[in-house]
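Let's take a walk through this fold one piece at a time. Keep the viewer open and click along as we go.

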Amino acid sequence: MNIATKLFNLKGSIPDHVELVAVSKTKPASMILEAYNEGHRIFGENRAQELASKYEELPKDIEWHFIGHLQTKKVKYIAGFVALIHAIDSLKLLHTVDKEAKKHDRIIDCLLQIHIAREETKFGFDTEEVLELLTSGTTAELTNINIKGLMGMATFTEDNTIIENEFSGLKNVFDQVKSVKAENFEPSILSMGMSGDYNIAIEMGSNMIRVGSIIFGERS
Ligand SMILES: *Cc1c(COP(=O)(O)O)cnc(C)c1O
């Protein structure tokens with residue numbers, strides 16, 4: 001099956017309220033263009049310089065999402081054009097994105113990454129930290145960011161029960177956080193689900209999935 005067919009089938013199989021981010025990391029511009037020519041516009045990348053060079057090369061109406069861990073020193077490469085940063089995992093990163101967005105006179109949409117997986121990782125906030133951030137008044141100082149919701153990654157496992165529990169846990173956090181009133185906080189996006197677990201994620205309440213290998217093939 002070619003990219004166009006895979007994309008068509010995938011889009012046909014997910015509900016209308018779920019946004020698809022086609023994760024094109026490591027894949028050449030020619031493959032992105034195949035999806036683009038099918039009418040797809042939202043693409044996800046996880047390397048700042050790779051994203052910047054694809055942005056230069058490809059049509060300007062593409063909506064580029066940054067999906068993985070972002071180092072603060074790399075924000076400058078993407079601040080001028082990125083549409084959504086999915087994985088804000090520290091206050092320091094949030095402040096850096098705000099600062100770089102100011103330089104470009106832009107407001108950058110962001111999601112806060114919540115740590116839900118069993119794996120030990122240093123990336124992501126826990127629920128208390130997010131509630132603390134939103135109620136502390138800090139976001140009022142961040143005039144060039146707009147926090148649009150939450151993002152999470154489930155444990156890499158064959159055990160669907162674990163994945164279900166983690167995603168439904170994140171949905172609960174999202175529902176809890178949504179009712180908080182804070183400046184520059186307009187929550188509507190819950191980004192969860194990848195090639196291996198997007199069906200479970202949608203069942204558990206995701207409205208944005210990040211899918212790469214199903215569309216573009218395995219990465220080497
Ligand atoms: C690579 C990546 C994806 C897509 O992974 P696939 O398994 O290829 O669908 C989604 N989210 C993040 C954060 C990624 O780094």
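**Strand by strand through the model**

Start with strand 1, which is mostly covered: 4 of its 5 residues are buried. Before going on, bear in mind that what you have on screen is a predicted model. Strand 1 has a partner in strand 8, and the two pair in the parallel sense over 4 bridges. If you want a spot to click on, Val21 stands opposite Arg210 of strand 8. Strand 1 also pairs with strand 2, again in the parallel sense, over 2 bridges. There, Val23 has Gly44 of strand 2 as its bridge partner. To get from strand 1 to strand 2, the chain goes through helix 2, and this β-α-β crossover is right-handed.

Now carry on from strand 2, residues 42–45. Strand 2 is joined by 4 bridges to strand 3, residues 63–66, and the two run parallel. Look for Ile42, whose bridge partner in strand 3 is Glu63. Helix 3, residues 48–57, belongs with these two strands: together they make a right-handed β-α-β unit.

Strand 3 then leads you to strand 4, residues 84–88; they run parallel and are joined by 2 bridges. Phe66 is a handy marker here, with Ile85 of strand 4 as its bridge partner. Ile85 also has a bridge partner in strand 5, namely Cys110. Strand 4 and strand 5 (residues 108–113) pair in the parallel sense over 3 bridges. Helix 5, residues 91–103, completes another right-handed β-α-β unit with strand 4 and strand 5.

How much of strand 4 is buried? The count is 5 of its 5 residues, so strand 4 is largely enclosed by the rest of the structure. Take Ala87, which sits in strand 4. Ala87 has a relative accessibility of 1%, so it counts as buried, the cut-off being under 20%. Which residues does Ala87 touch, leaving aside its neighbours within four places in sequence? The list is Phe66, Ile67, Gly68, Leu93, Leu111, Gln113 and Met151. For a sense of distance, try Ala87 and Ile14: they are 73 residues apart along the chain, and their C-alpha atoms are separated by 23 Å.

Next, turn to helix 1, residues 3–13. Its buried residues include Ile3, Ala4, Leu7 and Leu10. Why do these four sit on the same side of helix 1? They cover an arc of only 135° around the axis, and that puts them on one side together. The general rule behind such patterns is that an α-helix has 3.6 residues a turn, so residues three or four places apart point the same way. Flip to the other side of helix 1 and you find Phe8 and Gly12 exposed. What do the buried residues of helix 1 pack against? Their partners are strand 1, helix 2, helix 8 (198–203), strand 8 (208–211) and helix 9 (213–216).

Two loops are worth a stop. Thr139 is in the loop between helix 6 (127–135) and strand 6 (145–151). Is Thr139 buried or exposed? With a relative accessible area of 1%, Thr139 is buried. Its side chain reaches the backbone oxygen of Glu183 at 2.7 Å. Leaving aside neighbours within four places in sequence, Thr139 is in contact with Leu133, Leu134, Ile147, Ala182, Glu183 and Asn184.

Gly80 lies in the loop between helix 4 (75–78) and strand 4. Here the relative accessible area is 35%, so Gly80 is partly exposed. Beyond its neighbours within four places in sequence, Gly80 is in contact with His104 and Arg106. Gly80 and Pro59 are 21 residues apart in sequence and 15 Å apart in space, C-alpha to C-alpha.

Finally, zoom in on the ligand. The residues surrounding the ligand include Val23, Ile67, Met151 and Arg210, and you have already met Ile67 and Met151 among the contacts of Ala87. Which side chains have polar atoms close to the ligand's own? Lys25 has a side-chain N or O atom 2.7 Å from an oxygen atom of the ligand. For Ser213, a side-chain N or O atom is 2.8 Å from a ligand oxygen atom. Arg210 faces a nitrogen atom instead, with a polar side-chain atom lying 2.9 Å from that ligand nitrogen.

Note on methods
Residues numbered from 1 in each chain as written. Predicted model: local features only at pLDDT ≥ 70, side-chain atom pairs only at ≥ 80, totals over all residues. Heavy atoms only, no water. Buried < 20%, exposed > 50% of the residue type's maximum accessible area, 1.4 Å probe, protein only. Arc of directions from axis to C-beta. Contact = heavy atoms within 4.5 Å. Pairing = 2+ DSSP bridges. Right-handed = clockwise from strand over helix to strand, strands pointing away. Near = heavy atom within 4 Å. Polar contact = N/O pair within 3.5 Å; in protein donor to acceptor, adjacent residues only side chain to side chain.
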